[in-house]
Amino acid sequence: MATRIDPNTLQLKDQVIAINRVTKVVKGGKNLSFAALVVVGDGAGVVGYGSGKAREVPMAIRKGIESAKKSLSRVNISHGSIPHIVTGHYGAGRVLLKPAPAGTGVIAGGAVRAVVEAAGIQNVLTKSLGTTNPHNVVKATMDALLRLRDLQEVANTRGKGPEEI
């Protein structure tokens, strides 16, 4: 992450991906709390995820949104899709993202769909490989989205003009 994105300047939409009931066993019994996994995005190439934990669900979601706003990243989008095929990895989670022509829509499962839609990608084919754990799938999807490079970036890296590639 080169520069931090200010969440106050963007119209962010949040989406809850998973809410998990967590129990901690202590001397006096069991302490019940909730963990929420949340993704936020402006629908125009900025997306972030976070998790929050609290005694009540709404508070956990609020904490998750605050955490997600701190991890905002810009994603390369071209013509409503992604520039090229990419695979993201995190733990046992692997996510394959493929560009799709206009009109295809978002072909994705729960956690991947939430991240891709929050980023503002309208046409993409995805396949979640490996684990189905929402936390790892979200992190693998973010890894894939952050690996995306547009034509100009590749040209600059190779020291050539975009028309040469």
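**View 1. Four strands line up as an open sheet in this predicted model**. Reading across, the order is β5-β6-β8-β7, and the pairing is mixed. At the edges you'll find β5 (86-90) and β7 (106-107); each has a single partner strand, so one side of each is left without a neighbour in the sheet.

**View 2. Zooming in on β5 and β6**. These two strands pair in the antiparallel sense, with five bridges between them. One spot to look for is Y90, which stands opposite G93 in β6. As general background, strands of a sheet pair through backbone hydrogen bonds, either parallel or antiparallel.

**View 3. Helix α3 lies across the sheet strands β5, β6 and β8 (124-130)**. Relative to β5, α3 runs at about 140 degrees.

**View 4. The largest nonpolar core takes in 26 residues**. V47, L97, V112, V115, I121, V124 and L145 have the most contacts inside this core. At least two core residues come from each of β2 (29-41), β6 (93-99), α2 (110-119) and α3 (134-147). The largest share belongs to α2, which chips in seven residues. Alongside this core there is a second, separate one of 12 residues, with V38, V40, V46 and A60 among them.

**View 5. What does L97 touch, once its neighbours within four places in sequence are left aside**? L97 is in contact with I82, H84, I85 and V86, with V112, with V124, L125 and T126, and with A144 and L145. L97 is also one of the residues with the most contacts inside the largest nonpolar core, as are its partners V112, V124 and L145.

Definitions and conventions
Residues numbered from 1 in each chain as written. Predicted model: local features only at pLDDT ≥ 70, side-chain atom pairs only at ≥ 80, totals over all residues. Heavy atoms only, no water. Core = buried A, V, L, I, M, F, W, Y, C linked by side-chain atoms within 4.5 Å. Buried < 20%, exposed > 50% of the residue type's maximum accessible area, 1.4 Å probe, protein only. Contact = heavy atoms within 4.5 Å. Pairing = 2+ DSSP bridges. Axes fitted to C-alpha atoms, helices over the stretch in contact; angles between N-to-C directions.
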